[in-house]
Amino acid sequence: MVLMPLGLVNAVKQSMANHRKHRGYRTQKVIAEYLKQWWAYADTAGAGRQGEDILNIPTVSIEVKARSDFQPLAWIKQAEANSNQKLPLVIMRCNGQGEDVGEYLAFIRVKDLMPILHQAAPTDKPIKCNQCGYWTFEGKDCTTCQSMNTNA
């Protein structure tokens with residue numbers, strides 16, 4: 001067994017903590033940049049601020065997590081506490097994920113999700129889009145194809 005001096009152990013722990021904080025701040029930044037496709041003024045709240053992690057998103061309050069542990073109930077409660085009557089949403093970057101925000105996970109409570117889905121779905125019949133392969137609903141234009149065409 002190799003013993004390390006206490007000072008070196010503390011320095012390693014501090015370095016790991018700083019890396020985790022930096023990863024969290026960077027995750028907020030890439031999410032804010034990604035959301036600018038829909039909300040031009042989306043911005044990160046920055047380090048150490050209380051409240052929403054992503055600013056200038058109307059009707060949605062976003063809590064960002066870039067963690068290895070998984071505490072969804074605590075995170076959604078935190079998002080709700082910070083929501084100020086907005087829809088609380090958690091966006092999570094899992095370990096091993098790069099900076100492709102479209103691959104991150106997002107979650108909300110089912111009671112909040114169902115009215116949104118019901119309003120977005122004019123029929124009960126989901127179909128795959130012939131162009132991009134993503135899911136849409138019969139009789140409704142594919143929102144994925146629409147966003148790709150307007151951002152081209």
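## Salt bridges in the predicted model

K36 forms a salt bridge with E33, with 3.4 Å between the closest N and O atoms. The term salt bridge stands for a side-chain nitrogen of Lys or Arg within 4 Å of a carboxyl oxygen of Asp or Glu. The structure holds seven salt bridges. This is a predicted model, in which local features need pLDDT of at least 70 and side-chain atom pairs count only at pLDDT 80 or more, while totals for chains, interfaces and linings use all residues. Residues are numbered from 1 along each chain as its sequence is written, and side-chain values use heavy atoms, with hydrogens and water left out.

Three of the pairs are listed here.

| Pair | Closest N and O atoms |
|---|---|
| K36 and E33 | 3.4 Å |
| K86 and E52 | 3.1 Å |
| E138 and K125 | 3.4 Å |

K86 lies in the loop between α2 (72-81) and β4 (87-92), and E52 in the loop between β1 (43-44) and β2 (54-55), so this salt bridge ties together parts that are 34 residues apart in sequence. Helices (H or I, at least four residues) and strands (E, at least two) are DSSP runs, numbered from the N terminus. E52 is buried at 15% relative accessible area, whereas K86 is partly exposed at 25%. Buried means under 20% relative accessible area, exposed over 50%, and partly exposed in between (1.4 Å probe, protein chains only).

For the pair of E138 and K125, E138 lies in the loop between β7 (135-137) and α4 (143-150) and K125 in the loop between α3 (110-120) and β6 (126-128), so parts 13 residues apart in sequence are tied together. E138 is partly exposed at 38% relative accessibility, and K125 is partly exposed at 44%.

In the pair of K36 and E33, K36 has 34% relative accessibility and counts as partly exposed; E33, at 42%, also counts as partly exposed.
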